[in-house]
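Let us take a walk through this model together, from one chain to the next and across the boundary between them. Have the structure open beside you as you read.

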Amino acid sequence: MASSRFPIPQGTLDMLILRILSLGEAHGYGIAQRLEQVSREAIQVNQGSLYPALHRLEERKWLVARWRDSETGREAKFYSLTRAGRKQLEVERESWNRLAHAVRLIFAEEG
Amino acid sequence: MTMARLRNFLPSIRRRKEHDLERELRYHVDHRVDDLRRDGASDDEARRRAAIEFGRVAAVQEDVRDSWRWRWVENAARDLRYAVRTLLRRPAFTLTAVLSLALGVGATTTIYTLFGALVFRSLPVPHAERLVSIGDPSQVGQSWVGTPTIDYVSYPLYQDVRAGSHLLSGIYAAASLNYAAGVLNLELAAPGGDESSAEYPVARAVSGNFFAVLQVPAAAGRTLTDSDDEAGAASVVVLSYAYWQRRFGGDRAIVGRTLRLNGLPVTVAGVGARGFTGDIVGQNADLWVPLSVVGRLGFRDPQLKDRTVSWLQMMGRLAPGVTLLRARAEITTIELNAVRSHLTGVDLADFNHAIATDPPRVESGARGFSAERVTYASALAILMVAVGLLALVVCANLANLTLARAMSRGHELTVRMTLGAARRRLIAQLLAESAVIGVAGAALGVLASIWGASTLLRIADSVAYLDVHLTAGTLAFAAAVTVSAVMLFGLIPAIYATRANAATTLRTQARGLIGVRGWVGRSLVAGQIALSMLLLIGAGLLVQTANRLLNAGLGFDRPHVVVANMHLEKKNDIGNRIDEYRRALEQRLTQVPGVVATTYSHNGLLSGGMSLLDVGIPGVVAPTDSAAEVFVNRVGARYMKALGATLISGRDFGPDDELPAVHHAIIDATMAHAYFQGRDPVGSVISFDSLTYTVVGVVRDIEERGVRADPVRGVYLAQAPSVHPGPNFQVIIRTRSDPAPMLASLRAAIGGVDGTVPFDVVTVTDRLRASVRQDLLLTNMTLAFGLVTLLLAALGLYGVTAYATSRRTSEFGLRMALGASSASVLRMVLREAMVLTAIGIAVGVPVGVAAATLIRHQLFGVSTINPESLAVAAATLTVTALLATWVPARRAASAAPLEALRE
């Protein structure tokens with residue numbers, strides 16, 4: 001494959017957002033940057049697509065948001081995990097692990 | 001498109017959200033631009049790259065919007081559209097449901113409207129809650145001659161209270177002219193009108209500050225003022241707005257013109273404010289005259305200086321900051337002191353004794369005076385309960401209907417749940433249907449109640465003046481009824497229908513759901529039968545009461561007695577020749593074929609008039625004052641014969657008994673028993689004040705005062721009308737056969753004597769019917785509600801049975817294939833329905849008996865535990881239940897075994 005960066009798999013963006021926010025409060029831009037940093041720039045996020053996901057998670061009450069001054073001095077919308085969000089993260093982590101395990105098993109058989 | 005429109009429902013919230021989104025996205029891009037610039041990119045380069053990385057802002061915004069919670073609005077709109085479509089596809093179900101609900105909402109709202117108008121509504125004046133009524137607000141238009149009272153007061157007492165009170169900013173006094181002092185009517189001749197255009201408006205005499213205390217302005221001209229109370233004040237009248245519109249077409253030129261009231265020229269001073277109908281709820285005033293004018297109108301006395309004539313009611317307005325409690329203490333003290341300062345000796349002791357048990361009533365006057373409130377409130381409360389039960393049965397029926405609907409869609413629902421539809425969404429869809437039915441039913445119901453309330457008022461025409469316009473309260477009530485009904489009949493079935501576990505019941509859903517439906521449906525039907533039983537028991541007791549009331553013997557030949565009320569108060573000139581007039585009347589009337597006898601009565605039968613006097617009997621000492629009181633009626637010769645009353649001993653009055661020098665009396669059995677224990681009173685002497693009378697006869701009790709009145713000690717004194725003249729003069733005629741066809745000839749005979757005397761002729765039976773009109777109304781309404789409930793319960797039973805049997809067709813087929821006769825299948829189905837009915841009746845009877853004690857005051861001659869009405873109610877229900885189940889049972893029994901099995 002030409003590019004070493006691959007697009008984010010369908011349905012995992014939510015999980016990744018929850019995971020990043022479990023480390024602390026962040027605004028959308030911060031989340032996008034941290035997403036790239038922690039995945040060692042292996043994951044390519046279309047930055048705009050982050051926002052529908054953030055709003056969806058907020059509607060589900062997994063995130064709460066508040067406006068406060070950011071490091072640039074301007075007001076930004078900061079998101080943080082709710083208790084329900086923390087639980088959801090555990091659920092997703094669990095099912096991701098199961099899926100990853102199953103996939104590894106399949107490839108192990110082949111190899 | 002719909003979504004866009006729906007978003008506008010919440011424009012401000014939406015604008016805020018949009019604004020925040022824009023800020024959020026702009027922050028992101030700006031931050032990125034800053035970072036890129038810090039890394040060395042030029043301004044333009046940084047902007048370009050940031051924009052590319054972010055993607056199209058408008059697209060992102062649209063995606064974000066989709067995640068917002070507008071979805072529930074959109075869902076609701078879609079559910080409602082879907083519900084309407086589904087309902088329109090099932091018109092029979094929809095129509096039944098909507099009409100049942102309309103019936104329930106309509107009936108409850110009607111009764112609530114009447115109840116509210118009578119019991120809860122405030123007078124239409126500013127700050128009605130600050131008004132204080134002094135006296136008994138239910139005693140409208142009474143008067144009391146002789147002793148001072150505190151229910152209604154004399155004019156001097158009113159002046160004392162008004163002068164002494166500091167906590168009320170004003171106190172007015174008022175009396176209803178149409179009743180005061182026994183005068184029936186006020187005759188008004190408008191300018192240009194002749195004698196024949198005379199009419200009888202409802203008039204109230206008021207003190208000059210009436211409008212000031214109530215804070216009612218004039219719509220035209222002026223209202224009354226304190227100067228109208230002065231002795232030399234001009235004779236003026238203030239018209240009510242409604243009367244002004246109705247009678248004078250709202251003509252402003254009427255102000256300043258002269259009308260004739262009872263022949264007295266009075267000037268129209270003005271018109272009261274629009275919507276103001278007076279201070280009596282249930283009786284709208286047409287006009288108000290100052291108290292100073294009353295004497296000039298030909299009412300017996302001006303009565304303004306007499307402390308012993310109590311004829312006024314008082315209403316005051318609390319001064320700012322004063323509580324009702326403080327005002328009550330002040331008014332009570334002033335009033336009692338004022339009365340006491342003019343009493344001495346026995347009278348004072350009597351008065352103190354009387355007020356010890358019945359202190360002056362100083363209450364909130366916010367709801368005005370009303371005699372009807374007391375009369376009808378209990379009846380309306382009973383009807384409220386009755387319609388409440390009816391509404392419950394309606395809900396149960398609707399629940400059954402909706403449940404059946406949900407069940408018939410059981411397969412669809414199960415499939416959808418298996419495919420992952422959220423249960424919440426399915427319940428929401430089922431509820432949407434209920435909501436559509438609810439809105440349609442409620443709208444129809446409210447419309448029906450507007451018609452119903454005014455129709456009921458027409459039937460019960462004595463409360464024809466209640467304001468039953470649609471109010472926010474009524475609408476809120478209807479909405480509350482509807483919402484609870486929709487919850488009852490919509491939510492419960494929806495929850496049950498979607499309760500089945502989708503994963504396991506796809507195959508067996510039919511059976512599983514029938515079980516649920518069967519259990520809930522049967523309980524609902526049993527409940528309906530219990531409620532019907534309850535209503536039928538109540539209706540049965542009321543029907544028996546009405547029958548007793550209508551067929552009450554009254555102690556005389558009621559079916560054949562006719563009374564003619566002569567309105568002599570407007571024929572002042574007849575006073576001198578009244579005996580002559582009366583003789584002429586009796587002569588003419590006895591010539592009418594079919595007339596057995598005629599006589600006259602001073603107080604009249606069922607007229608409401610009565611005279612209470614203290615009797616003196618040698619050798620009898622009354623233990624209390626009231627034990628000496630007897631009801632006295634002055635009557636003419638042949639009184640007992642003309643009534644068809646039964647003499648126990650002695651004789652009837654003859655013509656000679658009327659002679660001025662002859663003082664003869666007939667007493668009734670109750671009086672004979674009270675004072676003459678066992679001995680024959682005939683020949684004894686009784687006295688009233690200084691006049692002595694010899695008892696010439698004893699008659700069985702005659703219930704002159706009305707069918708519900710308790711038996712009283714009664715005495716009849718033979719007297720020519722001229723001996724004790726008064727406005728009351730009733731001719732009594734007894735006929736050989738049914739008097740109804742003879743009324744015309746009787747009227748002709750009376751009119752032939754003197755065409756200028758107004759009179760009315762009515763059979764006692766009709767008079768009786770009128771006197772128990774509110775009983776009949778209550779009875780008919782309860783009966784109607786009971787029958788509707790019965791019908792609904794029958795429908796419910798039919799529905800449940802039909803559903804159950806249709807689902808069990810194959811079972812019946814099998815039974816019959818195995819040798820069961822169709823009769824035994826029929827019996828089986830009927831037995832199941834009968835078990836439900838029996839359970840319902842078993843629950844209904846004890847509840848009904850308990851409920852009957854709540855209406856015992858409405859009953860007459862019937863005990864609350866009445867085997868007859870219980871049996872009739874149970875039998876009616878059983879027969880109805882049998883009829884309702886007969887058709888489905890027949891269908892089950894006639895199923896061809898093979899066909900049924902193949903199904």
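**A walk through the two chains**

Read from its beginning to its end, chain A runs β-α-β-α-β-α-β-β-α. That comes to four helices and five strands, where helices (H or I, at least four residues) and strands (E, at least two) are DSSP runs, numbered from the N terminus. Before going further, please keep in mind that this is a predicted model, in which local features need pLDDT of at least 70 and side-chain atom pairs count only at pLDDT 80 or more, while totals for chains, interfaces and linings use all residues. Residues are numbered from 1 along each chain as its sequence is written, chains are lettered from A and ligands numbered from 1 in the order in which they are written, and side-chain values use heavy atoms, with hydrogens and water left out.

Chain A has 111 residues, of which 40% count as buried. Here buried means under 20% relative accessible area, exposed means over 50%, and partly exposed lies in between (1.4 Å probe, protein chains only). Among the contacts in chain A with a separation of 6 or more, 52% are between residues 24 or more positions apart; a contact means heavy atoms within 4.5 Å. The chain exposes about 6800 Å², and 53% of that is supplied by carbon and sulfur atoms. Such accessible areas come from the Shrake-Rupley method with a 1.4 Å probe, and for residues only the protein chains shown count as cover.

Now turn to chain B, which holds 28 helices and 24 strands. Of its 903 residues, 51% count as buried. Contacts between residues at least 6 apart in sequence join residues at least 24 apart in 82% of cases in chain B. About 40500 Å² of chain B is exposed, with carbon and sulfur atoms supplying 59%.

Where do the two chains meet? On one side 23 residues of chain A are in contact with 22 residues of chain B. The size of an interface is often given as the accessible area lost when the parts come together. For chain A and chain B, about 2000 Å² is buried between them, 52% of it on carbon and sulfur atoms; this buried area is the accessible area (1.4 Å probe) that two parts lose on being put together, summed over both.

How many salt bridges does the rule find across the interface of chain A and chain B? There are four, a salt bridge being a side-chain nitrogen of Lys or Arg within 4 Å of a carboxyl oxygen of Asp or Glu. One to look for is the salt bridge of A:Arg74 with B:Asp30, whose closest N and O atoms are 2.7 Å apart. The rule also finds 14 residue pairs in polar contact across this interface (both at pLDDT 80 or more). A polar contact is a pair of N or O atoms within 3.5 Å; within protein, one must be able to donate a hydrogen and the other to accept it, and residues adjacent in sequence count only if both atoms are side-chain atoms. On the side of chain A that touches chain B, the elements giving two or more residues are α2 (28-38), α3 (50-59) and β5 (75-81) of chain A. Of these, α3(A) provides the largest share, five residues.

Next, look at the surface of chain B. B:Leu95, B:Leu99, B:Leu444, B:Leu447, B:Ile450, B:Leu470 and B:Leu475 form a nonpolar patch there, with about 640 Å² of accessible area together. Patches are made of residues with over 30% relative accessible area and no salt bridge: like charges are joined within 9 Å, nonpolar side chains (Val, Leu, Ile, Met, Phe, Trp, Tyr) within 5 Å. Helices α6 (91-120) and α15 (423-459) of chain B each supply at least two residues of the patch, and the largest share, three residues, comes from α15(B). B:Leu99 sits in helix α6 of chain B and is partly exposed, at 48% relative accessible area.

B:Asn633, in strand β17 of chain B, is buried, with a relative accessible area of 2%. Leaving out residues up to four places away in sequence, B:Asn633 touches several residues, including B:His602, B:Tyr639 and B:Glu704. The side chain of B:Asn633 also makes a polar contact with that of B:Ser601 (3.1 Å).

Finally, visit two loops of chain B. B:Arg638, between β17 (629-635) and α20 (639-643), has a positive phi of about 60° although it is not a glycine, and is partly exposed at 29% relative accessible area. B:Asp689, in the loop between β20 (685-688) and β21 (691-699), has a positive phi of about 50° and is not a glycine either; at 77% relative accessibility, B:Asp689 counts as exposed.
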